[in-house]
Amino acid sequence: MTVFLNSARPLRVSPGLALWIVAGFLFLGLFGPWLVPHDPLKQNLLAAGQGPGLVHWLGTDHLGRDTFSRLIAAANTSLVGITLVLGIALIIGIGLGTLAGYRRGWTEEAIMRVTDVGLAMPSLIIALAMIGIFGTGYWNMVIALALAWWPSFCRVSRAVVVGVMNKPHIEALRVMGASPLRIFFVHLLPTTTGSVLVYATADAGGLALSIATLSFLGLGIQPPTPEWGQMLVDSLPYLEGDPRQVILPGLALTLVVVAFNFLGEAIALNRVPRPLGRRLLARRRAEAAAWDRPPRGLVTGEKA
Amino acid sequence: MTTPVLEVRNLVTHFRSVERGKTIKAVDGVSLHLNAGEIVGLIGESGCGKSTLSRSIVGLATPNSGQIVLDGTDLSTLRGSALRRTRSAIQYVFQDPYSSLNNRQTIGEALEEALVIAGLPAERRGARTTELLDHVGLPAAIAPRYGRELSGGQRQRVAIARALAMNPRVLIADEPVSALDLSVRAQVMNLFFDLSRNLGVACLLVAHDLALVRQAASRNYVMYLGKIVEEGASTQLYGDPRHPYSRALLASAPSPDPVAERARPRVPLTGELPSPTNPPSGCRFRTRCPVAQAACTATLPPPVEVATGHRAACLFEGA
Amino acid sequence: MNAVYDIRDLTVDLYTRSAAVRVVDGVSLSVAAGECLAIVGESGSGKTVMSFAPIGLMPEGVSVGLSGGAQLAGADLIGGDEAALARLRGREVAVIFQDPMTALNPARRIGSQIAEVCTLHLGLKGAAAEARALELMRLVGISDPEARLRQYPHELSGGLCQRVVIAMAIAAEPKLLIADEPTTALDVTVQAQILDLLRDLRARMGMAMILITHDIGVVANAADRVAVMYAGRLAEVGPVDQVLRAPTHPYTRALIDAIPRPEDPVGSPFRGLPGMPPQLAGPIGGCAFAPRCPRATPGCATLRPPMRAVAGTPGWQAACHHLTLAVIPKGAAA
Ligand SMILES: Nc1ncnc2c1ncn2[C@@H]1O[C@H](COP(=O)(O)OP(=O)(O)O)[C@@H](O)[C@H]1O
Ligand SMILES: Nc1ncnc2c1ncn2[C@@H]1O[C@H](COP(=O)(O)OP(=O)(O)O)[C@@H](O)[C@H]1O
Ligand code: SF4
Ligand code: SF4
Ligand SMILES: [Mg+2]
Ligand SMILES: [Mg+2]
């Protein structure tokens with residue numbers, strides 16, 4: 001995944017564009033099932049392998065299913081998958097990480113050992129191992145991916161909590177005799193959740209890729225459910241005759257992965273103050289210039 | 001004699017050093033007491049252990065040994081929520097008014113939360129919040145605002161109001177005005193007078209601005225490298241410092257009057273505070289003491305009463 | 001007068017996302033060789049921006065509009081090119097900040113950091129740079145310099161780090177040293193040592209110095225002249241003996257009055273200033289201090305007081321409409 005992203009870096013998607021792509025993905029993911037022009041599952045062998053046309057805008061695959069509809073439906077599959085995995089991984093990761101940072105001592109030691117092991121291995125390998133144990137299936141995939149993803153959230157949460165625990169506003173609560181539960185649930189959890197969600201944005205792209213990869217390997221989303229990785233593997237045998245069927249899902253996937261990544265990066269960078277844009281700067285200059293016009297001599301008197 | 005509200009007996013707080021096997025002897029056997037309604041100063045160079053001592057008293061640092069006795073109750077005999085409840089009568093004011101309030105809370109919410117923790121019933125919290133703000137000289141209209149919208153002085157007063165929500169008997173203020181401008185320091189300092197005189201709160205004022213402590217505190221402790229080296233009333237300590245360290249410390253503060261400043265005798269206090277991991281044997285001040293003698297290497301000087309309530313820990317006190 | 005650094009009618013506007021703000025408003029000051037000019041004022045009064053903007057060190061994350069004139073050793077600073085300015089920094093003018101740790105690289109040894117500055121500004125190489133580094137460390141009074149050369153910043157105390165930063169600042173024997181709160185993070189005992197060091201270096205090298213501080217004790221100890229700033233403007237400027245002992249501007253007076261004095265009885269209330277400094281935005285119509293000033297008259301709020309000479313002492317000026325009322329008996333503040 002990192003190799004993939006590093007090579008994608010020179011693309012330099014602008015944060016604005018990334019935001020639009022992610023928004024488009026979310027929109028299609030949420031409303032796709034109602035937007036598709038054709039039933040993405042309906043086969044029509046008579047229309048198999050068609051090129052783009054008025055009826056099938058992006059053509060059909062080798063079973064005659066409408067490619068455009070399948071691409072959109074796959075966004076929905078992907079989004080639901082990402083949401084489920086992130087949801088579970090965030091709950092585990094934030095919960096354990098916050099606990100580790102709050103309790104310190106042996107609790108932290110135990111949690112962080114497990115986390116370190118998890119972080120040392122590539123997420124996909126962990127997920128593959130889990131699937132090896134549980135067997136294939138939708139929920140098995142979701143759980144396997146969640147188990148592979150929580151350690152990074154756990155580490156971030158712990159770091160945030162450790163950083164915030166000796167901040168005076170938390171120490172003040174301890175001095176006031178606030179119960180540990182209040183400090184944990186009212187003050188620490190909201191803080192970590194906010195910070196971790198930024199990381200989660202960047203990670204959503206990686207997850208989309210992993211879901212596709214697992215499906216590509218036949219271990220994730222099972223046919224006939226439309227899914228980009230699965231669409232790729234499905235049409236691979238027809239690569240030479242109809243490369244469009246391979247390129248389109250690949251392109252959709254790449255866009256989403258890169259866009260999520262740049263969006264996450266942009267959110268993280270957003271905290272660093274940037275110089276003003278040209279338009280805003282001109283406005284501020286004009287404001288300042290207005291100060292020095294006539295009223296000055298009248299009201300402010302002479303300068304030394 | 002009145003019994004003190006807070007008594008600290010022979011408190012020791014050590015930290016594990018990053019260097020293996022070494023300990024940082026931040027607080028090394030300190031005893032002090034505070035009476036009700038009294039402001040007591042704690043002065044000394046940075047790194048001498050003032051903050052660690054303060055934090056140990058309120059439970060933010062864990063002492064290795066020693067006792068903290070609040071109104072006759074030894075806190076080390078308590079555990080869990082009983083300890084938290086009892087200890088909340090000792091409150092703490094932080095140096096940095098910018099990070100001691102949660103940026104996500106409004107002033108009203110912060111005070112409300114303190115009152116919830118203090119166990120005040122919901123219907124009385126609103127009135128009490130107004131009362132607390134009034135105590136620290138802030139209008140009730142400030143309650144819906146966020147801490148970041150206030151000035152440093154206002155934030156520090158909110159922090160004090162929050163401490164007051166716990167009905168404290170003791171207030172420990174660690175450099176409460178160091179981060180504030182000279183012009184607003186007075187507002188916060190006068191508040192401490194008000195709390196001690198009108199609410200009977202005992203205040204421990206930790207500060208390095210000696211002129212400020214002299215005027216605010218009636219008694220003082222001077223700390224050096226984890227130990228108290230001198231204690232006495234302000235008139236005694238600032239008028240007639242007996243420990244060579246106190247003398248050097250008082251002499252190194254510049255005067256704001258340039259003529260007096262030029263005439264000020266320079267007592268050269270060379271070098272800096274030695275490392276608390278490996279304090280000098282005998283008298284800890286001997287490496288910088290201008291009047292050190294051979295005997296100072298061998299013996300740890302005990303506190304000697306030089307006048308009523310005025311003690312100095314020097315073998316050659318008054319030399 | 002042989003002014004090393006001379007700023008004329010300097011105005012600095014900051015353009016932020018939310019507004020344009022005038023943080024320095026028509027300030028004129030100069031420092032002569034060998035002289036120490038202290039700049040005092042509440043935080044946010046523009047001390048840092050005023051001192052650093054002309055030499056091209058701007059506040060981060062905002063755009064800056066600069067007008068007026070500034071000269072360093074006769075060379076114009078404003079409107080010149082950025083590269084020339086960068087060449088001046090370190091060589092002709094050096095700076096010291098409050099926190100010495102931010103000026104030092106935590107991952108590199110002290111010796112190599114000082115030597116690097118010598119290479120950069122003096123063109124010294126290898127052994128020559130190291131020899132100069134050693135010499136500089138002796139100059140700033142670091143004991144056992146050979147051993148210290150090999151240490152990392154975190155192994156040194158705050159006071160020693162500040163000495164290292166000073167050594168790096170004076171490496172090229174600059175004509176002007178701007179020190180922004182150099183002793184604020186240090187103890188009084190160490191502060192006294194650093195101030196002595198700075199005075200000694202200044203005398204030895206004939207260097208001009210701008211000392212930004214909010215501690216009047218530091219001003220009294222170290223400065224020859226003092227400039228008092230309020231809300232981006234000069235309130236008063238003059239020799240320390242006059243300004244600190246017989247301030248004529250109501251703000252200076254209130255500021256000095258707020259310092260606890262040895263003769264104040266124990267337990268007596270502290271004196272402060274009522275109100276708060278103005279929220280900066282556009283230039284303030286009249287006198288910026290008017291809302292807090294005990295001597296304000298209706299005219300003060302509409303007409304900005306110009307800097308005027310205080311009779312009797314050359315170089316003593318204050319910006320107040322009612323200066324003549326402000327005769328304070330000599331020695332009153334003593
Ligand atoms: N949490 C900690 N861990 C390790 N050492 C500490 C810790 N807190 C303080 N110290 C060390 O203890 C000594 C005393 O510090 P402190 O109590 O902060 O002094 P002061 O408040 O007088 O400046 C210092 O040497 C400091 O480095
Ligand atoms: N990076 C910045 N962004 C926005 N405003 C700034 C920045 N730096 C300084 N200012 C504003 O400029 C004014 C003067 O600041 P400064 O010169 O740092 O004051 P001082 O040094 O006297 O405390 C302040 O009102 C401050 O809010
Ligand atoms: S005991 Fe000795 S070294 Fe310690 S303060 Fe007294 S004279 Fe100095
Ligand atoms: S001009 Fe007026 S308001 Fe300003 S300082 Fe003088 S008397 Fe006060
Ligand atoms: Mg401290
Ligand atoms: Mg500043």
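A residue counts as near a molecule if one of its heavy atoms lies within 4 Å of it. With that cut-off in hand I opened the predicted model and began with the ligands.

**Entry: ligand 3.** I listed the shell and found 13 residues around ligand 3. Those that come nearest are Cys283(B), Cys289(B), Cys296(B), Cys314(B) and Leu315(B). I then sorted the shell by residue class: 11 nonpolar, 1 polar and 1 charged.

**Entry: ligand 4.** I repeated the search for ligand 4, whose surroundings come from chain C. The cysteines in the list are Cys287(C), Cys293(C), Cys300(C) and Cys320(C). The histidines are His249(C), His321(C) and His322(C). The rest of the list reads Pro250(C), Ala290(C), Arg295(C), Ala296(C) and Pro305(C). By class I get 8 nonpolar, 3 polar and 1 charged.

**Entry: confidence.** For the complex I noted an ipTM of 0.90 and a pTM of 0.84 from the predictor. Chain C has a mean pLDDT of 88, and 96% of its residues score at least 70. I marked residues 325-334 of chain C, where pLDDT stays under 50. The model gives that stretch 15 contacts beyond four places in sequence.

Chain A averages 82, with 89% of the residues at 70 or above. Where in chain A is confidence lowest, and where is it highest? The low end is helix α12 (residues 295-300) of chain A, with a mean of 40. The high end is helix α7 (residues 168-176) of chain A, at 94. I also marked residues 295-304 of chain A, where the pLDDT is below 50 and the model has 24 contacts beyond near neighbours in sequence. At the start of the chain, residues 1-11 of chain A stay under 50 as well. For them I found 12 contacts beyond four places in sequence.

**Entry: chain A, overall.** I counted 12 helices and 0 strands in chain A. Of its 304 residues, 45% are buried. I took the contacts in chain A with a separation of 6 or more and asked how far apart their partners sit in sequence; 71% join residues 24 or more positions apart.

I picked out Phe31(A), which lies in helix α2 (residues 15-35) of chain A. Its relative accessible area is 40%, so I entered Phe31(A) as partly exposed. Ala73(A) is 42 residues from Phe31(A) along the chain, and their C-alpha atoms are separated by 9.2 Å.

**Entry: helix α6 of chain B.** This helix covers residues 182-198 of chain B, 17 residues in total. From first C-alpha to last I read 25 Å, close to the 24 Å expected at 1.5 Å a residue. Is α6(B) enclosed or open? I found 12 of its 17 residues buried, so α6(B) is largely enclosed by the rest of the structure. Among the buried residues are Leu182(B), Val184(B), Val188(B), Met189(B), Leu191(B), Phe192(B), Phe193(B) and Leu195(B). Arg185(B), Ser183(B) and Ser196(B) are also on the buried list. After the helix comes Gly200(B), with a positive phi near 70 degrees.

**Entry: chain C against chain B.** How much area is buried between chain C and chain B? I have about 3,300 Å², of which carbon and sulfur atoms give 54%. In chain C, the residues that lose the most area to chain B are Thr189(C), Val266(C) and Phe270(C). Together these three account for 20% of what that side buries. By residue count the contact takes 45 from chain C and 39 from chain B.

I followed one residue further. Gln191(C) sits in helix α8 (residues 188-205) of chain C. Its relative accessibility is 6%, which means Gln191(C) counts as buried. Neighbours within four places aside, Gln191(C) touches Pro254(B) as well as Thr183(C), Leu186(C), Asp215(C) and Val218(C). I also checked Leu136(C): 55 residues from Gln191(C) in sequence, 20 Å away from C-alpha to C-alpha.

**Entry: positive phi in chain C.** Most residues other than glycine have a negative phi, so I noted the exceptions I came across. Ala73(C) has a phi near 50 degrees and lies in the loop between β4 (63-72) and β5 (75-76) of chain C. With a relative accessible area of 40%, Ala73(C) is partly exposed. Asp144(C) has a phi near 55 degrees. The loop that holds Asp144(C) runs between α5 (126-139) and α6 (145-149) of chain C.

Conventions
Residues are numbered from 1 along each chain as its sequence is written. Chains are lettered from A and ligands numbered from 1 in the order in which they are written. This is a predicted model: local features need pLDDT of at least 70, side-chain atom pairs count only at pLDDT 80 or more; totals for chains, interfaces and linings use all residues. Side-chain values use heavy atoms; hydrogens and water are left out. Ala, Val, Leu, Ile, Met, Phe, Trp, Tyr, Cys and Pro count as nonpolar, Asp, Glu, Lys and Arg as charged, and the others, Gly among them, as polar. pLDDT is the predictor's confidence in each residue, from 0 to 100. Helices (H or I, at least four residues) and strands (E, at least two) are DSSP runs, numbered from the N terminus. Contact means heavy atoms within 4.5 Å. The expected span of a helix is 1.5 Å times one less than its number of residues. Buried means under 20% relative accessible area, exposed over 50%, partly exposed in between (1.4 Å probe, protein chains only). Buried area is the accessible area (1.4 Å probe) that two parts lose on being put together, summed over both.
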